[in-house]
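Trainee: I have not worked with this structure before. Could we go through the terms used for it and check each one against its definition?

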Number of protein chains: 2
Amino acid sequence: MTVRRLSVYFRCLAQLEEDGVRTISSQELAARFHLNSAQVRKDLAYFGEFGIRGIGYDTANLRAEIQRILGLDREWRVVLVGFGNLGSALFHYRGFARQGFRIAAIVDDDPAKVGRAVNGLAILALAELPRVVKSQAIQIGVVAVPAEAAQAVADRLVAAGVRAILNFAPSRVKVPKDVRLQNVDLSIELENLSFHLGQAPR
Amino acid sequence: MTVRRLSVYFRCLAQLEEDGVRTISSQELAARFHLNSAQVRKDLAYFGEFGIRGIGYDTANLRAEIQRILGLDREWRVVLVGFGNLGSALFHYRGFARQGFRIAAIVDDDPAKVGRAVNGLAILALAELPRVVKSQAIQIGVVAVPAEAAQAVADRLVAAGVRAILNFAPSRVKVPKDVRLQNVDLSIELENLSFHLGQAPR
DNA sequence: TAGATTGTTAATCGATTAACAATC
DNA sequence: TAGATTGTTAATCGATTAACAATC
């Protein structure tokens, strides 16, 4: 939950920095998100003393600190598994690169796709996974395959040695607990929307 | 938060029903998600008395009740705005239909795309939005355009009369508070992953 | 009736907020 | 020094969990 808020602060600070705002108080920062200023201070103080009493926070400095805390100051090397509609959309999604996620390899089990190149990056066979994870020093596997194939792909990614999996398939997968798993489950978002629409009057 | 858990119960119950399990206790249900049985009972009791003391919950009945609560027993009519990589991926994503989200129209501002048909559904010009929302009785707008265009698209959707917006663009948009907004922000998921990887030892 | 399990009340825990001494 | 704002401790609030009477 704190990380979620740090993400929000980060983007806000980046914007403020662009706008030429040099310092900002917890009060002002909180007001932008309907949050409490004590919460902002507590979130930040947890990671260190970044503020100056009587003044507030140096915008650029705080932005840099949060960037470092979130690990956004470094590059994460990613293998994209599955180059269907979703995989292709993710590959072209600029937000990935913006956050330091570098797609260093693509694999797919469809022989018709293997060998093709997108933006100069060749699509490799699934069997190449262990070799490419090692040679490309890949840390993260992105699963963009159909639900029924997700677990098998996750298993192969873990065996190949990735440290984290970002799962876009609409199914839960299980991984050893030393591997970080992040599910991006669209179903839950849809159900949330559906529920709240159902509650509304009309 | 409760809705999130209801979603999880729902999928679990659907699975149990398929497996032929007739009744399940809060204890058993909780065990599957490392939750507390009191929490399961409380979540469910909030919406009504669905259980039978001494027995547990009827799997099929509870599944149906949650389905109704989540609004998954009805169809939601959707307009997809933007048919780039992301829009195309969402259009072909089977989870949408599975949850009752029926894409009834597609609009895009690229003249090269307007007029094309996908699976028999024509891509319309952005200017058609007010007309199509009305004629197709559309309740939900899905925003799948670049970040810089998201706010303008959201405004047009609201003006056209949708009741909810599902925003996939990597930017926050503002809508009147009688319109339900759900952001699917991949950036936050990436930052979460990045943060936790950064904390891990190696 | 005895055993099991619900729905709900009371106790606990953690997260949010208020208040304030420290200090720029 | 006076005013402002931090970092942090204490108070509050809400959500989770334990306990149990109701009841199948």
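Mentor: Start with the side chain of Asp108(B), which reaches the backbone nitrogen of Asp110(B) at 2.8 Å. The model is a predicted one.

Trainee: What makes the pair of Asp108(B) and Asp110(B) a polar contact?

Mentor: A polar contact needs N or O atoms within 3.5 Å. The side chain of Asp108(B) is 2.8 Å from the backbone nitrogen of Asp110(B), so the pair meets that cut-off. The side chain of Asp108(B) also has a polar atom 2.6 Å from the backbone nitrogen of Phe83(B).

Trainee: Where does Asp108(B) lie, and is Asp108(B) buried or exposed?

Mentor: Asp108(B) is part of strand β5 of chain B, residues 101-108. Its relative accessibility is 6%. Buried means under 20%, so Asp108(B) counts as buried.

Trainee: Why is Asn119(B) called exposed?

Mentor: The relative accessibility of Asn119(B) is 67%. Exposed means over 50%, so the word applies to Asn119(B). Asn119(B) sits in the loop between β6 (117-118) and β7 (121-125) of chain B. Its phi is near 50°, a positive value in a residue other than glycine.

Trainee: Which term fits Ala137(B), with a relative accessible area of 47%?

Mentor: Partly exposed is the term for values between the buried and exposed limits of 20% and 50%, so Ala137(B) at 47% is partly exposed. Ala137(B) is in the loop between α7 (129-135) and β8 (140-143) of chain B. Ala137(B) is not a glycine, yet has a positive phi of about 50°.

Trainee: How do you know how many disulfides there are?

Mentor: A disulfide is a covalent bond between the sulfur atoms of two cysteines. A search of the whole structure, over all chains, finds zero disulfides. As for individual cysteines, Cys12(A) has a relative accessible area of 10% and is therefore buried, the limit being under 20%. Cys12(B) is buried too, with a relative accessible area of 10%.

Trainee: What makes the relation between chain A and chain B a two-fold axis?

Mentor: Two copies of a chain are related by a rotation about an axis and a shift along it. Chain A is superposed on chain B by a rotation of 180° with 0.0 Å of shift along the axis, and the RMSD is 0.0 Å. That is why the relation is called a two-fold axis. Of the residues of chain A, Ala89(A) comes closest to the rotation axis, its C-alpha being at 3.2 Å.

Trainee: Which domains does chain A have?

Mentor: The domain assignment gives domain 1 (2-69) and domain 2 (76-188) for chain A. Their C-alpha centres lie 33 Å apart.

Trainee: Which residues are closest to DNA strand D?

Mentor: DNA strand D is surrounded by 22 residues, and the closest are Ser26(A), Arg41(A), Gly51(A), Tyr57(A) and Asn36(B). By class, the surface near DNA strand D has six nonpolar, eight polar and eight charged residues.

Trainee: What makes Ser26(A) a polar contact of DNA strand D?

Mentor: An N or O atom in the side chain of Ser26(A) is 2.6 Å from a phosphate oxygen of DNA strand D, and the limit is 3.5 Å, so the pair counts. An N or O atom in the side chain of Asn36(B) lies 2.8 Å from a phosphate oxygen of DNA strand D. In the case of Arg41(B), a base nitrogen of DNA strand D is 3.1 Å from an N or O atom in the side chain.

Trainee: Which element gives the most to the surface near DNA strand D?

Mentor: α3(B) does, with four residues.

Trainee: How many residues surround DNA strand C, and which element has the largest share of the surface near that strand?

Mentor: 22 residues surround DNA strand C, with Asn36(A) and Ser26(B) among the closest. α3(A) has the largest share of that surface, four residues. A phosphate oxygen of DNA strand C is 2.7 Å from an N or O atom in the side chain of Ser26(B), and this distance is within 3.5 Å, so the pair is a polar contact. Of the atoms of DNA strand C within 4 Å of the protein, 63% belong to sugar or phosphate and the rest to bases.

Key
Residues are numbered from 1 along each chain as its sequence is written. Chains are lettered from A and ligands numbered from 1 in the order in which they are written. This is a predicted model: local features need pLDDT of at least 70, side-chain atom pairs count only at pLDDT 80 or more; totals for chains, interfaces and linings use all residues. Side-chain values use heavy atoms; hydrogens and water are left out. A residue is near a molecule or strand if one of its heavy atoms lies within 4 Å of it. A polar contact is a pair of N or O atoms within 3.5 Å; within protein, one must be able to donate a hydrogen and the other to accept it, and residues adjacent in sequence count only if both atoms are side-chain atoms. Helices (H or I, at least four residues) and strands (E, at least two) are DSSP runs, numbered from the N terminus. Ala, Val, Leu, Ile, Met, Phe, Trp, Tyr, Cys and Pro count as nonpolar, Asp, Glu, Lys and Arg as charged, and the others, Gly among them, as polar. A disulfide is a pair of cysteine sulfur atoms within 2.5 Å. Buried means under 20% relative accessible area, exposed over 50%, partly exposed in between (1.4 Å probe, protein chains only). Domain bounds come from an automatic or database domain assignment. Copies are superposed by least squares on the C-alpha atoms of residues with pLDDT of at least 70 in both.
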